[in-house]
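Welcome! Take a moment to turn the structure around and look at it from a few sides before reading on.

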Amino acid sequence: MAIKLIAIDMDGTLLNPQHEVTPGVKRAIQAARDKGVAIVLATGRPFIGIQRYLEELDLQQEGQYCITNNGALVQQAATGDCVAESTLNYDDYLYVEKLARELGVHFQALTKSLLFTPNKDISEYTVHEASLTGMPLRYRAVEEMDKSATFPKVMMIDPPEKLDEAITRIPQEAHDRYTIMKSSPYFLEILSKDVNKGAGVKALAERLGLSRDEVMAIGDQENDLAMLEFAGTGVAMGNGIDAVKAAAQFVTKTNTEDGVAHAIEKFAL
């Protein structure tokens, strides 16, 4: 079947190491759009962190969508209005924040518009996240948090070796309660149990009346696995981790070699 929807991860996939969309990738995306293919950015970033790319790729049009926060939110690309969402609550915040303290790692929580940390010694990776996405950063002690707040995701963040050691000590109870996955070597994301990029892509495909065979997904990290497994055509980046390459039907070039363009040209054009 013809590809009618392409879900594309951003960091490490759509974007090169300088966080840019190269001219070759832009041309391929535009050619696919001209054929009527829906281009959907599917990312761990919040909406504020992808708006300039939506604008750059001319994807902020009525009837176009994006998937943010690793699938927690499916949003209209033009307005950010949610068409599907699954978030965590204050009790979840308390549980994971306490667990992060017990594991000895930094913690942060995202609402739809703000990035919060209860750590007085704010992690350099939290600062990096705020800088990368443009999301305003706030320090809030746990007892000062708004108890009515909801969170698309919360995160543990630290240098890879420290984070990986902590991951080995996460209790089974936490795995039973939440979706837990790495989105980069220094980010561990904790989401509602029913949330992942695959579920987000599935919900959007159903909304658009598309079958799995009409969906292609492209990614590079652990948080992309679910959407590659859902899609009829799963594509791993050449710079992707081994698990993603093993789950994909095709391995394209790296994000320094216009890998997204290569995949679009091969399967959608």
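Are Tyr-95 and Tyr-178 buried or exposed? Tyr-95 is buried, and Tyr-178 is buried too. Keep in mind while you explore that this is a predicted model.

## Aromatic rings

A pair of aromatic rings is described by the distance of the centres and the angle of the planes. Searching the whole structure gives seven aromatic pairs. One of them is made by Tyr-95 and Tyr-178, a tilted pair with 5.8 Å from centre to centre and 40° between the planes. This pair links distant parts of the chain: Tyr-95 belongs to helix H3 (residues 90-103) and Tyr-178 to strand S10, 83 residues apart.

Another pair is formed by Tyr-125 and Tyr-186, and this one is stacked, with 4.8 Å centre to centre and 20° between the planes. Tyr-125 lies in helix H4 (residues 124-133) and Tyr-186 in the loop between S10 and S11, so the pair ties together parts that are 61 residues apart in sequence. How are these two rings covered? Tyr-125 has 15% relative accessibility and counts as buried. Tyr-186 has a relative accessible area of 24%, so it is partly exposed, since buried would require under 20%.

Here are the two pairs side by side.

| Pair | Type | Centre to centre | Between the planes |
|---|---|---|---|
| Tyr-95 and Tyr-178 | tilted | 5.8 Å | 40° |
| Tyr-125 and Tyr-186 | stacked | 4.8 Å | 20° |

There is also a cluster of rings: Tyr-90, Tyr-93, Phe-107 and Phe-151 are linked by ring pairs.

Charged side chains can be found over rings as well. Which ring has the charged end of Arg-177 over it? The ring is that of Tyr-95, and the charged end sits 4.0 Å from its centre. Elsewhere, Lys-266 lies over the face of Phe-267, 5.6 Å from the ring centre.

## The six-stranded sheet

Strands of a sheet pair through backbone hydrogen bonds, either parallel or antiparallel. Here you can find an open sheet of six strands with mixed pairing, in the order S8-S7-S6-S9-S11-S10. Its edge strands are S8 (137-139) and S10 (178-184), and each of them pairs on one side only. On average, neighbouring strands of this sheet are turned by 25° against each other, with direction ignored.

Start at the S10 edge. S10 pairs with strand S11 (residues 187-192) in the antiparallel sense, over six bridges. Among these contacts, Ser-184 has Phe-187 in S11 as its bridge partner.

Now move to strand S6 (residues 106-110). How many of its five residues are buried? Five of the five are, so the strand fits the description "mostly covered" under the rule that buried means under 20% relative accessible area. In a regular strand the side chains alternate between the two faces of the sheet. In S6, His-106, Gln-108 and Leu-110 point one way while Phe-107 and Ala-109 point the other way, and all are buried. Phe-107 also takes part in the ring cluster mentioned above.

S6 has antiparallel partners in S9 and S7. Five bridges join S6 to strand S9 (residues 153-157), and in this pairing His-106 stands opposite Ile-157. Two bridges join S6 to strand S7 (residues 115-117), with Leu-110 opposite Leu-115. The connection from S6 to S7 is a hairpin through four residues.

## A helix pair

Two packed helices are described by the angle between their axes and the distance between the axes. For helix H1 (residues 23-34) and helix H10 (residues 259-267), the axes come within 8 Å and cross at roughly 30°. H1 and H10 are therefore roughly parallel to each other, and their crossing is left-handed.

## Residues in loops

Which residues other than glycine have a positive phi? Asp-58 is one of them, with phi near 60°. Asp-58 is in the loop between helix H2 (51-56) and strand S3 (65-68), and at 38% relative accessibility it counts as partly exposed. Asp-258 also has a positive phi, of about 60°. Asp-258 is in the loop between strand S14 (250-251) and H10, and its relative accessible area of 25% makes it partly exposed.

Finally, look for Met-145 in the loop between S8 and S9. Met-145 is buried, with a relative accessible area of 5%. The C-alpha atoms of Met-145 and Glu-265 are separated by 48 Å, and these residues are 120 apart along the chain.

Technical notes. Residues numbered from 1 in each chain as written. Predicted model: local features only at pLDDT ≥ 70, side-chain atom pairs only at ≥ 80, totals over all residues. Heavy atoms only, no water. Pairing = 2+ DSSP bridges. Axes fitted to C-alpha atoms, helices over the stretch in contact; angles between N-to-C directions. Phe/Tyr/Trp six-rings, centres within 6.5 Å; stacked < 30°, edge-to-face > 60°. Buried < 20%, exposed > 50% of the residue type's maximum accessible area, 1.4 Å probe, protein only. Lys NZ or Arg CZ within 6 Å of the ring centre and 35° of its normal. Parallel < 35°, antiparallel > 145°, perpendicular 65-115°, else oblique. Left-handed = near helix turned anticlockwise from the far one by under 90°.
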